[in-house]
Amino acid sequence: MTSWNHTVVTYFEFLPFSSIPEIQGSLFCLVLLMYLSTLVGNILIIMITMTDAALQSPMYFFLKNLSFLEIGYTTSTIPKMLVNFLTKRKGISFLGCATQMYAFSLLGITECCLLAAMAYDRYVAICHPLRYTTVMSWNMCFLLSAISWLTGVLVALEQTTFIFTLPYCGPNRINHFFCDLLPLLKLACVDTYKNEIITYIIAVLCVMVPFLLIVVSYVRILHTILKMPSAGGKRKTFSTCSSHLFVVTLFYGSGIVTYLRPKAFYSSSSNKLLSLSYTLMSPMMNPLIYSLRNKEVKQALKRLI
């Protein structure tokens with residue numbers, strides 16, 4: 001009996017992001033600019049939340065963690081994409097592909113859980129303001145953060161092991177710009193129907209469960225806001241969670257469409273654009289959203305500058 005664990009492929013090649021060679025240079029400049037903007041914006045958020053005395057609260061503790069995640073999240077995929085824009089051989093080793101997928105999955109799943117923790121923080125602050133300091137103690141903040149990271153580490157390890165113990169014996173061309181689940185499953189030398197079902201189950205558990213917790217939190221928040229007597233109070237209260245709501249919409253909107261849409265609507269070109277949206281657009285926009293819509297962050301930035 002022949003063992004199934006006989007990986008022949010030792011190198012994966014990425015197909016070009018665009019089929020038009022003339023625009024590769026323009027794409028490189030655009031992606032590089034967006035990546036640098038992401039790094040600068042999120043590093044600034046980390047700096048002001050660590051150094052400014054006015055931002056030493058649970059809300060900004062989670063924001064600091066989110067910015068750190070965003071830096072790692074984009075760095076796990078975009079630098080390799082930039083290199084591939086400039087080289088003829090656009091590829092990655094088998095081990096490098098597994099490492100990239102593990103890092104990307106770890107940070108992505110952790111971010112899903114952290115966004116849910118941030119929604120819970122806003123729920124307690126708005127719906128139970130008198131109990132906020134008791135419920136959202138620093139121990140609770142560290143616990144929620146640790147649970148988010150631990151979930152990411154364990155699920156990403158299981159998922160990466162699950163994908164990279166499949167036999168890959170050719171072809172080795174990935175129609176994507178990084179090592180992602182669905183494009184890799186297409187290259188396996190065995191029927192991956194069961195693997196795809198398990199992948200969808202993991203996606204539902206790790207993506208939809210935190211998303212549902214966020215939805216429940218905001219339903220309760222909206223119910224509390226609507227009961228407030230003054231319009232000014234409603235606007236002021238909603239402004240404290242509107243930035244987080246925008247971030248959730250950006251991140252989950254593209255992520256859910258990418259991983260949970262029916263297979264009949266799947267196409268490689270649309271998948272690349274959607275993936276670029278949540279791997280680069282969302283991390284780049286987050287600092288802008290928090291700085292433009294948050295008076296405390298704007299004041300802290302002014303003090304830092």
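Which residues in α2 meet which residues in α4? This is a predicted model, and the tour starts at that contact.

**Stop 1: the α2 and α4 contact**

Select residues 58-75 for helix α2 and residues 94-127 for helix α4. On the α2 side, show P58, M59, F62, L63, N65, L66, L69, E70, G72 and Y73. On the α4 side, show F104, L107, G108, T110, E111, L114, L115, A117, M118, D121 and R122. Coloured by class, the residues of this contact come out as 13 nonpolar, 4 polar and 4 charged.

Now draw the two helix axes. Two packed helices are described by the angle between their axes and the distance between the axes. For α2 and α4 the angle is about 160° and the axes are 10 Å apart. Angles over 145 degrees count as roughly antiparallel, and α2 and α4 are therefore roughly antiparallel to each other. The crossing of α2 past α4 is left-handed.

**Stop 2: an aromatic pair on α2**

Stay on α2 and select F61, then add F142. The two form an edge-to-face aromatic pair, with 5.1 Å centre to centre and 75° between the planes. F61 belongs to helix α2 and F142 to helix α6 (residues 138-164), so the pair ties together parts that are 81 residues apart in sequence. To continue with rings, note that the structure holds 15 aromatic pairs.

**Stop 3: the sheet**

Next, select the strands. There are 3 of them in an open sheet, ordered β2-β1-β3, with mixed pairing. The edges are β2 (91-93) and β3 (173-174); each has a single partner strand, so one side of each is left without a neighbour in the sheet.

Select β1, residues 11-14, together with β2: the two run antiparallel and are joined by 3 bridges. Within this pairing, F12 stands opposite I92 in β2. Switch to β1 and β3, which pair in the parallel sense over 2 bridges.

Which residues are the bridge partners of E13 in β2 and in β3? In β2 the partner is G91, and in β3 the partner is R173. Select E13 with G91, then add R173, to view both pairings of this residue.

**Stop 4: back to α4**

Finally, show α4 again along with the sheet. Besides meeting α2, helix α4 packs on the sheet and touches β1, β2 and β3. The direction of α4 makes about 95° with that of β2. Angles of 65 to 115 degrees count as roughly perpendicular, so α4 and β2 fall in that class.

Methods:
Residues numbered from 1 in each chain as written. Predicted model: local features only at pLDDT ≥ 70, side-chain atom pairs only at ≥ 80, totals over all residues. Heavy atoms only, no water. Axes fitted to C-alpha atoms, helices over the stretch in contact; angles between N-to-C directions. Helix = DSSP H or I, 4+ residues; strand = E, 2+ residues; numbered from the N terminus. Parallel < 35°, antiparallel > 145°, perpendicular 65-115°, else oblique. Left-handed = near helix turned anticlockwise from the far one by under 90°. Contact = heavy atoms within 4.5 Å. Nonpolar A, V, L, I, M, F, W, Y, C, P; charged D, E, K, R; others polar. Pairing = 2+ DSSP bridges. Phe/Tyr/Trp six-rings, centres within 6.5 Å; stacked < 30°, edge-to-face > 60°.
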